[in-house]
Amino acid sequence: MNTDPIADFLTRIRNASRAGHTVVEAPASKIKIEIARILMDQGYIASYKHDAEGPQGVVKVALKYDKATKTPVIRGIDRVSTPGLRKYFSKVNMPRVKYGLGIAIVTTSKGLMTDKEARQKNVGGEVICYVY
């Protein structure tokens, strides 16, 4: 039994990128698929695919590496809000990651989005993770 499946998903991505793997798999859920979509839109991963094998399915994430130095594009991915301690931020106090060079993935009343999109749409919410 996993008490925090989002943290498990982020840890799988972090460990796979540090180990130099090209693809990482995790059990699927709607929020994990949305996190993968945001990571792909922001250029942190190459692609993702949802395979509906079995009752839950699997999310396959293709990691992205710098071609010249062969270092992972994701330098760090940190869980912020946990099941034991939720972190909510208003539109005014929305955090900036690495002085605007990284992103914060935020769940809002208008869906999952980055911190920059949340500021543009004038909404606050729960910060799920930081990616830089």
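In this predicted model, the side chain of Gln-56 reaches across to the backbone oxygen of Ala-28, at 3.1 Å. Gln-56 sits in the loop between strand 2 (45-51) and strand 3, and once residues up to four places away in sequence are set aside, Gln-56 touches Pro-27, Ala-28 and His-50. With a relative accessible area of 48%, Gln-56 is partly exposed; that value does not reach the exposed class, because exposed means over 50%. If you want a sense of distance across the model, go from Gln-56 to Tyr-88: the two are 32 residues apart along the chain, and their C-alpha atoms are separated by 29 Å.

Now to another loop, the one between strand 4 (77-79) and strand 5 (88-89), where you'll find Ser-81. Is Ser-81 buried or exposed? Ser-81 is buried, and its relative accessible area is 0%. So what does the side chain of this residue meet in the way of polar partners? A polar atom of the Ser-81 side chain lies 3.0 Å from the backbone nitrogen of Lys-87, and the side chain also makes a polar contact with the side chain of Glu-126, at 2.6 Å. Beyond neighbours within four places in sequence, Ser-81 is in contact with Arg-86, Lys-87, Glu-126, Val-127 and Ile-128. Both polar partners, Lys-87 and Glu-126, are among those contacts.

Glu-126 also brings us to strand 8 (125-131), one of the elements that feed the main nonpolar core, so let's go there next. The largest nonpolar core has 26 residues, and Phe-9, Ile-35, Leu-39, Val-61, Ile-105 and Val-131 are the ones that touch the most other members. Which elements give two or more residues to this core? They are helix 1, strand 1 (23-27), helix 2 (30-41), strand 3 (58-63), strand 6 (103-108) and strand 8. Val-131 is a good residue to click on here: leaving aside neighbours within four places in sequence, Val-131 is in contact with Leu-39, Tyr-44, Ile-74, Gly-76, Ile-77, Val-97, Gly-102, Ile-103 and Ile-105. Two names on that list, Leu-39 and Ile-105, also appear among the residues that touch the most other core members. Apart from this core lies another one, of 9 residues, including Met-94, Ala-104, Val-106 and Met-113.

On to the charged side chains. Side chains of opposite charge can pair when their charged atoms come close. How many salt bridges does the structure hold? There are 9. One of them links Asp-8 and Arg-12, with the closest N and O atoms 3.0 Å apart. Both residues belong to helix 1 (residues 5-19), 4 residues apart, which is about one turn of the helix. Asp-8 is partly exposed at 23% relative accessibility, and Arg-12 is partly exposed too, at 32%.

Helix 3 (residues 115-121) has a pair with the corresponding spacing: Asp-115 and Arg-119 are 4 residues apart, so about one helical turn separates them. Their side chains meet in a salt bridge at 3.3 Å, N to O. Here the two partners fall into separate classes, because the dividing value is 20%: Asp-115 is buried at 2%, whereas Arg-119 counts as partly exposed at 21%. Elsewhere, salt bridges that share partners join Glu-25, Lys-49, Asp-51 and Lys-60 into one network. Within that network, Asp-51 and Lys-60 form a salt bridge whose closest N and O atoms are 3.1 Å apart. Asp-51 is buried, with a relative accessible area of 12%, and Lys-60 is partly exposed at 27%.

Arg-119 also gives a way over to Asn-93, a residue in the loop between strand 5 and strand 6. Asn-93 and Arg-119 are 26 residues apart along the chain, and 9.7 Å separates their C-alpha atoms. Asn-93 is exposed, with a relative accessible area of 51%.

Last stop, the aromatic rings. How many aromatic pairs does the structure hold? The count is 0. One ring does have a charged companion, though: Lys-98 lies over the face of Tyr-132, 4.7 Å from the ring centre.

How values were computed: Residues numbered from 1 in each chain as written. Predicted model: local features only at pLDDT ≥ 70, side-chain atom pairs only at ≥ 80, totals over all residues. Heavy atoms only, no water. Buried < 20%, exposed > 50% of the residue type's maximum accessible area, 1.4 Å probe, protein only. Polar contact = N/O pair within 3.5 Å; in protein donor to acceptor, adjacent residues only side chain to side chain. Contact = heavy atoms within 4.5 Å. Salt bridge = Lys/Arg side-chain N within 4 Å of Asp/Glu carboxyl O. Phe/Tyr/Trp six-rings, centres within 6.5 Å; stacked < 30°, edge-to-face > 60°. Lys NZ or Arg CZ within 6 Å of the ring centre and 35° of its normal. Core = buried A, V, L, I, M, F, W, Y, C linked by side-chain atoms within 4.5 Å.
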